[in-house]
Amino acid sequence: MGIIAWILIGLFAGIIAKMLMPGKDPGGIIVTILIGIAGGLLGGWLGKVIFGIDSIDGFFEISTWIAAIVGSMILLALYRVITGNRRHA
């Protein structure tokens, strides 16, 4: 898949992850998109490493979207932990 496809998947995966994990987060839509893009890559990599499957098959494959959303949720949770500690310090 090309970089444009990853940006689109990242955009939607970040938004879906945000909807599944509502709450106040520092940053705006740009941070959500960046977390989504990185989360998609992380999810695809974890799918290969842990399960031995190619979870990044194509734009319209469900495995690609699941990997991107799960990866985005992981990164969003980590982002909240890191920035949450700074806000309360």
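## Close-up views of a three-helix predicted model

**View 1. Ile69 and its surroundings in the predicted model.** The place of Ile69 is in helix α3, and this is a predicted model. With a relative accessibility of 16%, Ile69 counts as buried because the limit for that class is under 20%. Leaving aside residues up to four places away in sequence, Ile69 touches Ala13, Ile16, Ala17 and Leu20. The C-alpha atom of Ile69 is 6.9 Å from that of Gly14, although 55 residues separate the two along the chain.

**View 2. The largest nonpolar core.** Six residues, namely Trp6, Ile9, Ala13, Trp65, Ala68 and Ile69, make up the largest nonpolar core of the model. Helices α1 (3-20) and α3 (62-87) each contribute at least two residues to this core. Ile69, shown in the preceding view, is one of the core residues, and Ala13, which Ile69 touches, is another member of this core.

**View 3. Ser72 and the residues that it touches.** Ser72 lies in helix α3 and has a relative accessibility of 0%, so this residue counts as buried. A polar atom of the Ser72 side chain is found 3.4 Å from the backbone oxygen of Gly36. Beyond residues up to four places away in sequence, Ser72 touches Ala13, Gly14, Ala17, Ile35, Gly36, Gly39 and Gly40. Gly36 therefore appears twice in this view, as a residue touched by Ser72 and as the owner of the backbone oxygen at 3.4 Å from a polar atom of the Ser72 side chain, while the side chain itself belongs to a residue that counts as buried at 0% relative accessibility.

**View 4. Thr83 and the backbone of Tyr79.** Thr83 is also part of helix α3, and its relative accessible area of 8% makes it a buried residue. The side chain of Thr83 reaches the backbone oxygen of Tyr79 at a distance of 2.8 Å.

**View 5. Leu46 in helix α2.** Leu46 is located in helix α2, which spans residues 29-51. Its relative accessible area is 23%, and Leu46 is therefore partly exposed, since buried residues must be under 20%. Phe51 and Ile74 are the residues that Leu46 touches when those up to four places away in sequence are not counted. Between the C-alpha atoms of Leu46 and Val70, which are 24 residues apart along the chain, the separation is 9.8 Å.

**View 6. The nonpolar surface patch.** Ile4, Ile7, Leu8, Phe12, Ile15, Met19, Ile29, Ile30 and Leu34 form a nonpolar surface patch of about 870 Å². The elements that give two or more residues to this patch are α1 and α2, and the largest share, 6 residues, comes from α1. Ile15, one of the patch residues, has its place in helix α1 and is partly exposed, with a relative accessible area of 31%.

**View 7. The whole chain, for orientation.** The protein contains 3 helices and 0 strands, and its elements run α-α-α from the N terminus on. Of the 89 residues in the protein, 34% are buried. Among contacts with a separation of 6 or more, 73% are accounted for by residues 24 or more positions apart. The protein exposes about 5500 Å², of which carbon and sulfur atoms supply 75%.

Notes:
Residues are numbered from 1 along each chain as its sequence is written. This is a predicted model: local features need pLDDT of at least 70, side-chain atom pairs count only at pLDDT 80 or more; totals for chains, interfaces and linings use all residues. Side-chain values use heavy atoms; hydrogens and water are left out. A nonpolar core is a set of buried Ala, Val, Leu, Ile, Met, Phe, Trp, Tyr and Cys residues joined through side-chain atoms within 4.5 Å. Buried means under 20% relative accessible area, exposed over 50%, partly exposed in between (1.4 Å probe, protein chains only). Helices (H or I, at least four residues) and strands (E, at least two) are DSSP runs, numbered from the N terminus. Contact means heavy atoms within 4.5 Å. Accessible areas come from the Shrake-Rupley method with a 1.4 Å probe; for residues, only the protein chains shown count as cover. A polar contact is a pair of N or O atoms within 3.5 Å; within protein, one must be able to donate a hydrogen and the other to accept it, and residues adjacent in sequence count only if both atoms are side-chain atoms. Patches are made of residues with over 30% relative accessible area and no salt bridge: like charges are joined within 9 Å, nonpolar side chains (Val, Leu, Ile, Met, Phe, Trp, Tyr) within 5 Å. A salt bridge is a side-chain nitrogen of Lys or Arg within 4 Å of a carboxyl oxygen of Asp or Glu.
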